[in-house]
Amino acid sequence: MLRASANVVRALSPLRFEVVDPARADRIAARGPGYAVSIEPSGAKVTLLVPSAHDAAVPVTLSISLSGASAVAPTTSKLLPGVSNYFVGSAPSGWRTGVRGFARVTQPSVLPGVDVVYYGARDGELEYDLVLAAGVKPSE
């Protein structure tokens, strides 16, 4: 029988982006090995767990945004199979079931002709690309 730790399984699984609140679909989150990311209209925030001298990991948050970018609601694409269920607390009103996961998140037109696309690389690492429309010069 093959046994794998949760970290190994998570590292082999694709990065899964989920809408945080169905009533407000402009905030999308994902968790990877040693980090969590939140993508909102203003950009992305990555929280890393950094080891400290006292053996307790300290969360450090980094913000990713483009200078002069417009606040644009992110959109999801590439639906992943399966769903997630979150049973937090004893009251069913706090539970979320059937949460769909996506492989990509796009913030379209954050600058004229520039989209930001977030996705997971191998080993669950977060990557993002700046996608330029035809005719847009990278120097601009």
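Select D123 to begin: with a relative accessibility of 49%, this residue counts as partly exposed, because that class ends at 50%, above which a residue is exposed. The model on display is a predicted one. D123 sits in the loop that joins β8 (114–120) to β9 (126–132). Now add E125, E127 and D129 to the selection; together with D123 they form a patch of negative charge on the surface.

**The nonpolar core**

Next, select F17, V37, I39, V105 and Y118. The largest nonpolar core has 16 residues, and these five touch the most other members. To see which strands contribute, colour β2 (24–32), β3 (35–40), β4 (43–50), β7 (96–111) and β8; each of them supplies at least two residues of this core. As a general background, nonpolar side chains in soluble globular proteins tend to be buried together.

**A nonpolar patch on the surface**

Not every nonpolar side chain in the model belongs to a buried set, as the following selection shows: V50, V58, V60 and L62 make a nonpolar surface patch of about 270 Å². Which strand gives the most to this patch? Strand β5 (residues 58–64) does, with 3 residues. V50, for its part, is located in strand β4. Its relative accessible area is 33%, so V50 is classed as partly exposed; patch members must have over 30%.

**The salt bridges**

The tour now turns to charged pairs. Side chains of opposite charge can pair when their charged atoms come close. How many salt bridges does the model contain? The count comes to 3.

Select R16 and E18 for one of them: their side chains meet in a salt bridge with an N to O distance of 3.3 Å. Is E18 buried or exposed? E18 is buried, as its relative accessible area is 9%, and the limit for this class is under 20%.

Move next to R24 and D26, whose side chains form a salt bridge at 3.0 Å, N to O. R24 has a relative accessible area of 48% and is therefore partly exposed.

Finally, select R27 and E40, where the side chains meet in a salt bridge at 3.2 Å, N to O. Because E40 lies in strand β3 and R27 in strand β2, this pair ties together parts that are 13 residues apart in sequence. R27 counts as partly exposed, since its relative accessibility is 32%.

Key
Residues numbered from 1 in each chain as written. Predicted model: local features only at pLDDT ≥ 70, side-chain atom pairs only at ≥ 80, totals over all residues. Heavy atoms only, no water. Patch = residues over 30% accessible without salt bridge, like charges linked within 9 Å, V, L, I, M, F, W, Y side chains within 5 Å. Areas by Shrake-Rupley, 256 points an atom, 1.4 Å probe, with all protein chains shown as cover. Salt bridge = Lys/Arg side-chain N within 4 Å of Asp/Glu carboxyl O. Lys, Arg positive; Asp, Glu negative; His and termini not counted. Charge placed at Lys NZ, Arg CZ, Asp CG, Glu CD. Helix = DSSP H or I, 4+ residues; strand = E, 2+ residues; numbered from the N terminus. Buried < 20%, exposed > 50% of the residue type's maximum accessible area, 1.4 Å probe, protein only. Core = buried A, V, L, I, M, F, W, Y, C linked by side-chain atoms within 4.5 Å.
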